[in-house]
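Work through the exercises below with the coordinates open, and try each task before reading its solution.

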Amino acid sequence: MKNYTDKTRRNLLKATAAVSVMAAGGLHVKSVRAVQQHQLPLSEQTPPQQGLGAAPQRKDGTLKVSGHATYAAEHQVENVLYGVVVQSAVSSGRITAMETQAARRAEGVLAVYSHLNSLKINKPRSIPEGGAAQTTYLPIQNDRIIHNGQNIALVVAETFEQATHAASLIKVAYAETPALIFPEDKGAKPQDQDSLTITMGNAQQAMEQAEVRIKNKFITPREYNQPMEPHACIAHWQDDKLTVWEPSQWVAGARTAIAEWMGIDISKVEIISPYVGGGFGSKASPATHVALACVASRELKRPVKVALTRPQTFTGFGGRASTHQSLEMGATRDGKITAIIHDGYNETSLDDVFAEGTNRVTARMYAIENVTSHHRVVPINTVTPGWMRAPGENPSAFSLEVSMDEMAYALNMDPLALRIKNWADHDYQQGKPWSSRQLKEAYQKGAEAFGWSKRSMEPRSMREGRELIGWGMASGTYPVNLQPAEATLILQPDGHLTVKSAGADIGTGTYTILAQTAADVLKIPQDRIQVELGDSRLPTAGVAGGSQLAGNLTAAVFKTALALRERLFTLAIETPDSPLFGTPRDKLVVMDNGVAMTMRPNRKVTFEQLLSLAGLPSLALSADTFKGNASAEERDKMLSALNTITRPEDVSAHSWSALFVEVRVDEDFGTVRVKRMVGAFDSGRLYNPALARSQWIGGMVMGLGQALLEEGTLDPRNGRVINNNLADYLVAVSADVPEITTIDVGQPDYKATTMGGKAVGELGIVGMAAAISNAVFHATGKRVRELPITMEKLI
């Protein structure tokens, strides 16, 4: 590696720390201006710029910029074999013949697995059933075809090239049956989701009495996560145990799903995932290619690596489902919204229910007493959809926030003023007070930074040459989710500290904030703190999803660090040869690699001296945030299912945002460019402002891509994804991303979480597509309610 000066290296690492998590998916930020950085009081920032509230360099920054961070598929295993997946070319029917002889005879091939010689895979418990698997579909167990691109065979060879060539030799014949390609197809049968039904007041009566009414339909297409790191794994069966190197947002869940596939106890499965190169929800559960790698390794008694190609990722697991919504809104002439009637549905697979709840924010954002909303799923011939950044909240905010803009124009009222007019002082849906809600502050700060007061109301009234200028805005929200977790801290005599937890770092900065948490309590500089993550053998942690892992793990590390500090105090005052023997506990502090008296800091005992006097080679403590005295087995069971996610009980806890966007629309060609974006956010206490800004920016950029670019396109004849590559499936790149301003208006919210923080990672995308759509209307006078907003929809 090139030898940089210390100053240059520091600048590089600072730049790395500021890069959005979206960079893992190939998206970058052109210009970022940070506004109003919230920090802890100076008395709590010890060591300086090391503890929570500061923005030290990322713990994983040096490894990543130097190429030394080893991702799952990069792990070197001796004697490894390579597996290549074969996928179906039709959407519905049966396999009538599969010619595999040529593939089996090809050089280097050890095995070809299909339904003809199936390796047994057991059915896992799916997420709704309290399990960890995203889908219950089992590959190569029978000849049934339920979607195009289904995994139907695995070729295993000595090299990747040999396996790829052999896979191309397999010939498959099908007996096709009529397929349901789209939810609107004849024969598709919607299924009500009672858990997503909302009934508040009498919406129908209030709607009939409303002085102003609007009603429209909204559509969002299939979208795909597309992280830069491919979906690839290495499975190694050895001594009746299975080790899997798998990029995972949730190693506890992956271990459970894989154990169920294999029919073995979870104690015989280990998942290793030290780094994840982006996931955006797609790596929360292992996909079925992982099942194929695991059973093949057990059969062949050798490690097997399987990596999906980019086209295979479009059907090897699910992205965001397409959604359809109808939203009717009623209001008084002075702007008080009186009723909403809202219905939505999303596509799901034939075997499993995945609900992209389109009414997640419908009844929560504003003070509306009469709301009726239903959500349904429509099973069709598709892969089971999956989580993608802010599932549910994302499409829900799109329909609601565009409708708010439309209502504002129907009332000839400023869109921001309409939102403030309908301010909710509590959660009307749950009937609970907010834990905190700095949304008015977000409106104010965001509008000031954007210059909203200079906006003219009339569409097509702002222009520069042949460019029509549009200013739009929207609100966003995301809930605070909670899961228990545990952590272990090990203090060495030389003052080095190791923090251990099975949580994941998916590019969000978990390594860094856990070190900051420990530094806050134990006053140990970050260069003396090592963090170990991403291994199922480590103390239990939940999923890195739902914008919750930071709050869950910092709480566990904080509790463990407090216990370790108290143990150090006990040793200091109870060890006879300690210079602090007999000192009152409340007179002690930890500082400078030891324990000292508060008023006489020169009277101290170093960690090394203290451990030596106590006869301890090191000091290790574990703590957790589970309720009661849960056994290890109970903890594993709780955190192997997403139904363990909870919310604060006495309050409604959410993060909030106000988003402002300027677009330029070419009057002749209909092309849309986003000129600038301003986001003001209430995410509570920021554990690391630089990392939080990166997450907000990442969500905003992803929302830009959703609004203008991203759309999965299907061949209506056979359900094939036509644009299954990054040349045709468009995501935002550097040239698409404008100047971005982020503003922090949050305050510590200890009613929401132990450490005072709230959701960050998914907040930035919620409402962004609506803000851009509203800006496009302001520029052109044409309302686009179907994403993405393309020129053919404008011309």
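The exercises that follow concern a predicted model, and they go from the overall fold to charged pairs, nonpolar cores and one buried acid.

**Exercise 1. Overall dimensions**

Task: Decide whether the radius of gyration of the protein chain agrees or disagrees with that of a compact globule.

Solution: Start from the chain length of 795 residues, for which a compact globule would have a radius of gyration near 28 Å. Next take the value for the protein chain, 27 Å, which agrees with that expectation. The C-alpha atoms fill a box of roughly 80 × 75 × 55 Å along the principal axes, and the chain contains 17 helices and 29 strands. Finally, consider burial and contacts: 62% of the 795 residues count as buried, and of the contacts with a separation of 6 or more, 80% are made by residues 24 or more positions apart.

**Exercise 2. Salt bridges and their surroundings**

Task: For the pairs D334 and K421, R685 and D520, and E662 and R676, establish where the partners lie in the chain and whether they are buried or partly exposed.

Solution: The structure holds 35 salt bridges, of which these three pairs are examples.

1. D334 and K421 meet through their side chains, with an N to O distance of 3.9 Å. This pair links distant parts of the chain, since D334 belongs to the loop between β15 (323-331) and β16 (337-348) while K421 belongs to helix α9 (residues 415-421), 87 residues apart. D334 has a relative accessible area of 48% and is therefore partly exposed, and K421, at 39%, is partly exposed as well.

2. R685 and D520 form a salt bridge whose closest N and O atoms are 3.9 Å apart. The two residues are 165 positions apart, with R685 in the loop between β28 (672-682) and α15 (689-708) and D520 in helix α11 (residues 510-522). R685 counts as buried because its relative accessibility is 6%, and D520 counts as buried at 13%.

3. E662 and R676 have their closest N and O atoms 2.6 Å apart. Here the partners lie in strand β27 (residues 654-666) and strand β28, 14 residues apart, and both are buried.

Beyond these pairs, a network of salt bridges links R460, R463, R466, E667 and D668.

**Exercise 3. The nonpolar cores**

Task: Identify which residues have the most contacts inside the largest nonpolar core, and trace the surroundings of V663.

Solution: The largest core has 92 residues, and those with the most contacts inside it are M329, V661, V663 and I772. Its largest share, 9 residues, comes from α15. Once neighbours within four places in sequence are set aside, the contacts of V663 include L468, I469, V672, V674, I772, A775, V776 and A779. A second, separate core of 84 residues includes A259, C294, V521 and L611. In soluble globular proteins, nonpolar side chains tend to be buried together.

**Exercise 4. An acid without a salt bridge**

Task: Determine which side chain of opposite charge is nearest to D505, and which backbone nitrogens the side chain of D505 reaches.

Solution: First place D505 in the loop between β21 (497-500) and α11. D505 is buried yet has no salt bridge, and the nearest side chain of opposite charge, R58, is 4.1 Å away; the cut-off for a salt bridge is 4 Å, so this pair is not counted. Turning to the backbone, the side chain of D505 reaches the nitrogen of T508 at 3.2 Å, and a polar atom of that side chain lies 3.2 Å from the backbone nitrogen of G509. Leaving aside neighbours within four places in sequence, D505 is also in contact with residues including R58, D60, Y275, V276 and L533.

Note on methods:
Residues numbered from 1 in each chain as written. Predicted model: local features only at pLDDT ≥ 70, side-chain atom pairs only at ≥ 80, totals over all residues. Heavy atoms only, no water. Helix = DSSP H or I, 4+ residues; strand = E, 2+ residues; numbered from the N terminus. Buried < 20%, exposed > 50% of the residue type's maximum accessible area, 1.4 Å probe, protein only. Core = buried A, V, L, I, M, F, W, Y, C linked by side-chain atoms within 4.5 Å. Contact = heavy atoms within 4.5 Å. Lys, Arg positive; Asp, Glu negative; His and termini not counted. Polar contact = N/O pair within 3.5 Å; in protein donor to acceptor, adjacent residues only side chain to side chain. Rg over C-alpha atoms; globule rule 2.2 N^0.38 Å.
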